[in-house]
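Q: I am new to this structure and would like a close look at a single part of it. Could you choose one stretch and then follow its connections outward, step by step?

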Amino acid sequence: RTDLDAISYGAKRFVTGLAKKVLLANNLGLLWKQVTELGTDQMSVLMAWLGIAAFALQIYFDFSGYSDMAIGLGAVLGFHFPENFNYPYVATSVKDFWHRWHISLSTWFKEYVYIPLGGNRKGLPRQLFNILVVWMLTGIWHGAGWNFLFWGLWFAFLLILEKLFLGDILESVPSWVFFALESPGEILAYLQAMFGMNGIGPVNSLAMFLCNEYLVLLVIALVACLPLGSRLVHALKSSKTGPAMALYRLGEKVIPAVLLLLSVAYIVDASYNPFLYFRF
């Protein structure tokens with residue numbers, strides 16, 4: 001069943017996802033592409049970190065944008081789909097990160113692999129083995145490449161460390177290097193560049209140029225991946241004051257229209273429109 005409220009919500013949710021994809025993810029992907037095309041032999045520490053931060057933001061806005069579009073279309077057609085991303089970059093640990101990132105995938109592996117294997121019901125050694133199996137399969141699910149296997153094993157390692165020794169470990173940006181690059185040689189070379197082991201140094205002129213060129217985009221993306229906007233919307237929506245209510249009502253009508261116009265204009269004008277999820 002559907003009604004005008006559901007159609008209105010679904011249309012606005014779809015436009016939000018479209019804007020995430022074409023306005024943020026695509027442009028962040030262009031920055032990542034520029035960094036990687038230079039090669040690690042020209043990459044300063046700042047440039048390497050800038051590149052992988054851009055990829056981390058790109059993959060979030062790409063995946064969550066597609067999810068928003070699916071949820072929005074579902075609402076228009078009368079279906080309710082569960083949330084798939086819940087601000088993962090505010091996570092306080094690896095476990096918390098995976099409660100917030102690609103929730104449908106992690107829930108599927110929990111229900112159909114982890115729990116049938118015994119979950120945490122058969123003692124700590126078996127639980128650690130189950131975590132290892134789940135994350136090896138999670139890595140392979142994303143693609144038949146060594147980098148995805150390394151990526152899955154890396155998260156298994158961090159989760160096991162959390163379970164055994166170190167408590168909560170904050171999810172770190174270098175993890176995405178395993179996901180973004182395909183061969184072990186590329187991964188190693190990029191990690192060396194990130195920590196200044198390629199002989200280039202911490203900063204070069206090209207890194208400063210890219211920082212200046214993409215500063216506004218990076219700031220917007222950083223703010224957009226945090227729950228600041230949703231908290232502001234909730235505060236305005238629940239406010240009893242006239243100006244706040246007027247601002248909320250104006251924003252809910254004007255902002256989706258502006259995002260739609262900008263997104264369509266970008267799609268028409270831009271030549272770089274990668275389908276990132278096609279790789280996985």
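**A loop and its surroundings**

A: In this predicted model, a good place to begin is His 102, which lies in the loop between α3 and α4. Although His 102 is not a glycine, its phi is positive, at about 45 degrees. This deserves a remark because most residues other than glycine have a negative phi. His 102 is also buried, since its relative accessible area is 7%, which is under the 20% that sets the limit for that word.

A second residue with this kind of backbone angle is Tyr 87, whose phi is near 45 degrees, again a positive value in a residue other than glycine. Tyr 87 belongs to the loop between α2 and α3, and with a relative accessible area of 24% it counts as partly exposed.

These two loops are also linked by a pair of aromatic rings. Such a pair is described by the distance of the centres and the angle of the planes. The count of aromatic pairs in the structure comes to 33. In one of them, the ring centres of Phe 85 and Trp 101 are 5.1 Å apart and the planes stand at 85 degrees, so the arrangement is edge-to-face. Because Phe 85 sits in the loop between α2 and α3 (94-100), while Trp 101 sits in the loop between α3 and α4 (103-114), the pair ties together parts that are 16 residues apart in sequence. Both partners are shielded: Phe 85 is buried at a relative accessible area of 12%, and Trp 101 is buried at 2%. For another edge-to-face case, one can turn to Trp 151 and Phe 155, whose ring centres are 5.2 Å apart with planes at 75 degrees. Here both residues lie in helix α6 (residues 146-166), four residues apart, or about one turn of the helix, and both are buried.

Returning to Trp 101, one finds that its contacts, leaving aside residues up to four places away in sequence, include Ile 59, Tyr 60, Phe 63, Pro 88 and Trp 176, as well as Phe 85. Trp 101 is moreover among the residues with the most contacts inside the largest nonpolar core, a group of 59 residues in which Ile 52, Phe 61, Trp 176 and Tyr 190 share that standing. The element that gives the most to this core is helix α2 (residues 45-77), with 12 residues. Apart from it there is a second, separate core of six residues, including Leu 18, Ala 19, Leu 23 and Met 69.

Tyr 87, in turn, leads to open space. The largest pocket is lined by 36 residues, and Tyr 87 is one of those nearest its centre, together with Thr 16, Gly 229, Ser 230 and Val 233. Two or more lining residues come from each of α1 (4-38), α2, α9 (205-224), α10 (228-238) and α11 (242-269), and the largest share, eight residues, comes from α1. About 1600 Å³ of space lies in this pocket.

One last check concerns disulfides, of which a search of the whole structure finds zero. The sulfur of Cys 211 has its closest cysteine sulfur in Cys 225, and the two are 17 Å apart, too far for a bond. Both cysteines count as buried, Cys 211 at 19% relative accessibility and Cys 225 at 2%.

Technical notes. Residues numbered from 1 in each chain as written. Predicted model: local features only at pLDDT ≥ 70, side-chain atom pairs only at ≥ 80, totals over all residues. Heavy atoms only, no water. Disulfide = S-S within 2.5 Å. Buried < 20%, exposed > 50% of the residue type's maximum accessible area, 1.4 Å probe, protein only. Core = buried A, V, L, I, M, F, W, Y, C linked by side-chain atoms within 4.5 Å. Contact = heavy atoms within 4.5 Å. Phe/Tyr/Trp six-rings, centres within 6.5 Å; stacked < 30°, edge-to-face > 60°. 1 Å grid on protein atoms, 1.4 Å probe; cavity = no way out; pocket = protein on both sides within 12 Å on 5 of 7 lines; lining within 4 Å. Points joined across faces, edges and corners; volume = space filled by probe spheres on them.
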